[in-house]
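Welcome! Let us look together at how some helices pack in this protein and where empty space is left.

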Amino acid sequence: MKITIISHDNWGYNDNIATALEKRGHIVNHIDFNTFKYEYPNFTYRIYNFFLKAFLKKNIKNIHFGNEINKRLQELGQIQDVILTIKGDFIDPKKILEFKKYTKKSIAFFNDNIYRCPKIIPILPNFDEVYSFEKEDCAKYNLKFITNFIYKESKTNPAGIFKYDIFNISSKDNRFNIISKIADELTNNGISSKIIIYDKKNKTKNANIEFISEYIQIDQVNEFVNDSKFLLDIHRKEQNGLTFRVFESLGLQKKLITTNPNIAHYDFYNPKNILIIDETNINFDTEFFTSPYEPIPENIYTKYTIENWIETVFGLSKKQPH
């Protein structure tokens with residue numbers, strides 16, 4: 001199959017989809033519009049964009065992204081079997097509709113929820129199929145449910161020496177206060193941590209948190225994950241879908257500490273592997289830190305691998321085990 005992935009891949013996760021597809025012999029093109037740069041020609045354009053967003057719900061940058069993407073699709077010179085768009089709410093809706101000129105099937109995947117990103121709503125009809133990791137959005141808007149995926153695996157539970165007890169990396173948003181409380185509480189309990197927050201302005205200070213002003217690529221994130229015994233997941237209050245931190249913990253068989261109570265409704269949930277903490281009363285169970293990880297059944301684990309993800313989304317036949 002000829003497949004194009006269009007994504008705003010600021011952390012580098014979506015490249016794994018392209019790699020998994022290429023390993024199965026598909027011709028894959030990844031258009032990462034996170035690399036597209038737009039600069040206002042002059043201050044007048046900046047003012048014009050302000051009114052455009054305020055009154056017409058348009059954005060010059062989103063239109064620019066759409067124009068550049070369509071230009072690259074045209075340059076491919078061949079009709080694609082499937083185009084998968086991730087983070088489509090960053091692209092002008094009319095430009096998304098033009099994707100259909102270059103493909104037999106246009107699919108979208110959202111690992112944000114509509115409450116937090118309402119710009120998703122007007123673009124939903126512009127795709128042939130839409131997947132979301134948010135169960136409530138799937139029920140309300142008749143979307144297809146699929147989680148994020150395991151992109152990195154280790155079948156053996158490591159018992160070596162780690163640089164850090166706990167690792168987390170997040171963008172600065174409304175989770176910052178709870179992350180700060182957890183970071184402080186970890187230090188007070190003598191638990192070492194590597195907690196990184198991406199903050200473009202980088203003006204916030206906390207001795208227990210490392211602040212960065214540029215995104216770290218996934219290879220560097222993987223190093224921190226490997227160097228940590230446990231992983232920390234902080235969910236957004238209005239979002240119930242599971243972050244990639246959850247699937248990193250599954251793939252690497254590392255225990256997870258999370259603020260997302262909805263994780264208890266998934267079939268892989270095991271309280272011996274996953275500690276759900278209450279944001280209003282942070283309490284770390286010491287037994288959780290000392291007991292071993294319990295591997296989950298293979299039939300459940302397989303459901304969350306990137307292989308199963310691409311088979312589901314792209315309608316591929318199941319890969320036969322060797």
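Axes here are lines fitted to C-alpha atoms, for helices over the stretch in contact, and angles run from 0 to 180 degrees between N-to-C directions. Helices (H or I, at least four residues) are DSSP runs, numbered from the N terminus. The model is predicted, so local features need pLDDT of at least 70 and side-chain atom pairs count only at pLDDT 80 or more, while totals for chains, interfaces and linings use all residues. Residues are numbered from 1 along each chain as its sequence is written, and side-chain values use heavy atoms, with hydrogens and water left out.

**Two helix pairs**

The axes of helix H7 (residues 218-226) and helix H8 (residues 244-252) come within 12 Å and cross at roughly 55 degrees. H7 and H8 are therefore oblique to each other (angles under 35 degrees count as roughly parallel, over 145 as roughly antiparallel, 65 to 115 as roughly perpendicular and the rest as oblique). For contact, meaning heavy atoms within 4.5 Å, H7 offers Val 221, Val 225 and Asn 226, and H8 offers Arg 245, Glu 248 and Leu 252.

H1 and H11 have axes 10 Å apart and pack at an angle of about 85 degrees. That makes H1 roughly perpendicular to H11. Here Asn 16, Ile 17, Ala 20 and Leu 21 of H1 meet Ile 306, Trp 309, Ile 310 and Phe 314 of H11.

**Empty space**

On a 1 Å grid over the protein atoms alone, a cavity is a set of points where a 1.4 Å probe fits but cannot get out, and a pocket is an open set with protein on both sides within 12 Å along at least five of seven lines; lining residues have an atom within 4 Å of a point.

The second largest pocket has a volume of about 470 Å³. Its lining has 19 residues, with Glu 153, Thr 305, Ile 306, Glu 307 and Lys 319 nearest the centre. Helices H1 (15-23), H10 (298-302) and H11 (306-314) each supply at least two residues of that lining.

The whole structure holds one cavity of 30 Å³ or more. The largest cavity contains about 40 Å³ of space, and among the residues lining it are Ser 249, Leu 250, Phe 268 and Tyr 293.

| Lining | Nonpolar | Polar | Charged |
|---|---|---|---|
| Second largest pocket | five residues | five residues | nine residues |
| Largest cavity | five residues | two residues | one residue |

In the table, Ala, Val, Leu, Ile, Met, Phe, Trp, Tyr, Cys and Pro count as nonpolar, Asp, Glu, Lys and Arg as charged, and the others as polar.

Notes:
Points joined across faces, edges and corners; volume = space filled by probe spheres on them.
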